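Welcome, and do come in. Shall we look at a protein chain together, one question at a time?

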Amino acid sequence: MINSFVGTGRLTQDPDFKEIKDTQVCSFTYAINDPYDKENKYTLFMPVVVFGKQAINCSKYLSKGSEVSIQGRFRTEKWQAKDGSNRTSIKLKADLVQFGAKPSGEATASTAKVKEVPTEVNSDNTSESEIPF
């Protein structure tokens, strides 16, 4: 059985960053629109958890409305509530988070780094608009 997810959506709230023992954890809710259900405009809201260095980067550069593409796996969490009932929750554990557009059109972390490159690097006098990426 394959447990794999790839999708693009937007954050519904600012990410929540925590450091638990020596592990960095960032969690947020991710909204994914169903492209095939144009009539009902169905949206899936999925809780996402990210660990390590990616968690740090997500907490620094993402905010409510940020577009992200995520590759990951679904995880089930089971616990017993205070009333004694058994509860289950499904979360998406992100293995790879790629940053997309921000809602206000601000530069993402990757484009901000490109803008910081000194002009001396461009020794062949090629303008930035001619670069294909």
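What follows is a conversation between a visitor and a guide about this model.

Visitor: Before we start, on what basis do local features and side-chain atom pairs count here?

Guide: This is a predicted model, in which local features need pLDDT of at least 70, side-chain atom pairs count only at pLDDT 80 or more, and totals for chains, interfaces and linings use all residues. Residues are numbered from 1 along each chain as its sequence is written, and side-chain values use heavy atoms, with hydrogens and water left out.

Visitor: Thanks! What is the mean pLDDT of the protein chain, and where is the pLDDT below 50?

Guide: The pLDDT is the predictor's confidence in each residue, from 0 to 100. For the protein chain its mean is 80, and 77% of the residues reach 70 or more. Beyond near neighbours in sequence, one stretch has six contacts in the model (a contact means heavy atoms within 4.5 Å). The pLDDT is below 50 over that stretch, residues 108-133.

Visitor: Which pattern do the helices and strands follow along the sequence?

Guide: Helices (H or I, at least four residues) and strands (E, at least two) are DSSP runs, numbered from the N terminus. The protein chain has two helices and six strands. Read along the sequence, the pattern is β-β-β-β-α-β-β-α.

Visitor: How do strand E2 and E3 pair, and which residue is the bridge partner of Phe 17?

Guide: Two strands pair if DSSP finds at least two bridges between them. Strand E2 (residues 16-20) pairs with E3 in the antiparallel sense, over five bridges. The two form a hairpin with two residues between them, and Lys 21 in the turn has a positive phi of about 55°. As for Phe 17, its bridge partner in E3 is Cys 26.

Visitor: Let's go inside. Which element gives the largest share of the largest nonpolar core?

Guide: A nonpolar core is a set of buried Ala, Val, Leu, Ile, Met, Phe, Trp, Tyr and Cys residues joined through side-chain atoms within 4.5 Å. The largest one has 17 residues, of which Phe 28, Tyr 30, Val 48, Val 50 and Ile 70 touch the most other members. Strand E1 (5-11), strand E3 (23-33), strand E4 (43-51), helix H1 (53-61), strand E5 (67-80) and E6 each give two or more residues to this core. The largest share, four residues, comes from E3.

Visitor: Which residues does Val 48 touch?

Guide: Val 48 is one of the residues that touch the most other members of that core. Not counting residues up to four places away in sequence, Val 48 touches Cys 26, Ser 27, Phe 28, Tyr 30, Ile 70, Leu 92 and Ala 94.

Visitor: Is Ser 89 buried or exposed?

Guide: Ser 89 is found in strand E6. Leaving aside neighbours within four places in sequence, Ser 89 is in contact with Arg 75, Thr 76, Glu 77 and Trp 79. Buried means under 20% relative accessible area, exposed over 50% and partly exposed in between (1.4 Å probe, protein chains only). Because its relative accessibility is 18%, Ser 89 counts as buried.

Visitor: Which residues are linked in a network of salt bridges?

Guide: A salt bridge is a side-chain nitrogen of Lys or Arg within 4 Å of a carboxyl oxygen of Asp or Glu, and the count by this rule comes to four. The side chains of Asp 95 and Arg 73 meet in one of them (2.9 Å, N to O), linking strand E6 to strand E5 across 22 residues of sequence. The side chains of Lys 93 and Asp 95 meet in another (3.1 Å, N to O). The network therefore links Arg 73, Lys 93 and Asp 95.Visitor: And why does the salt bridge of Lys 91 and Glu 77 tie together separate parts of the sequence, and how far apart are they?

Guide: The side chains of Lys 91 and Glu 77 meet at 3.7 Å, N to O. Lys 91 lies in strand E6 and Glu 77 in strand E5, so the pair ties together parts of the chain. Their separation in sequence is 14 residues.

Visitor: Last stop, Ala 101: is this residue buried or partly exposed?

Guide: Ala 101 is found in the loop between strand E6 (86-99) and helix H2 (109-115). Apart from neighbours within four places in sequence, Ala 101 is in contact with Arg 10, Gly 65, Ser 66 and Glu 67. At 38% relative accessibility, Ala 101 counts as partly exposed.
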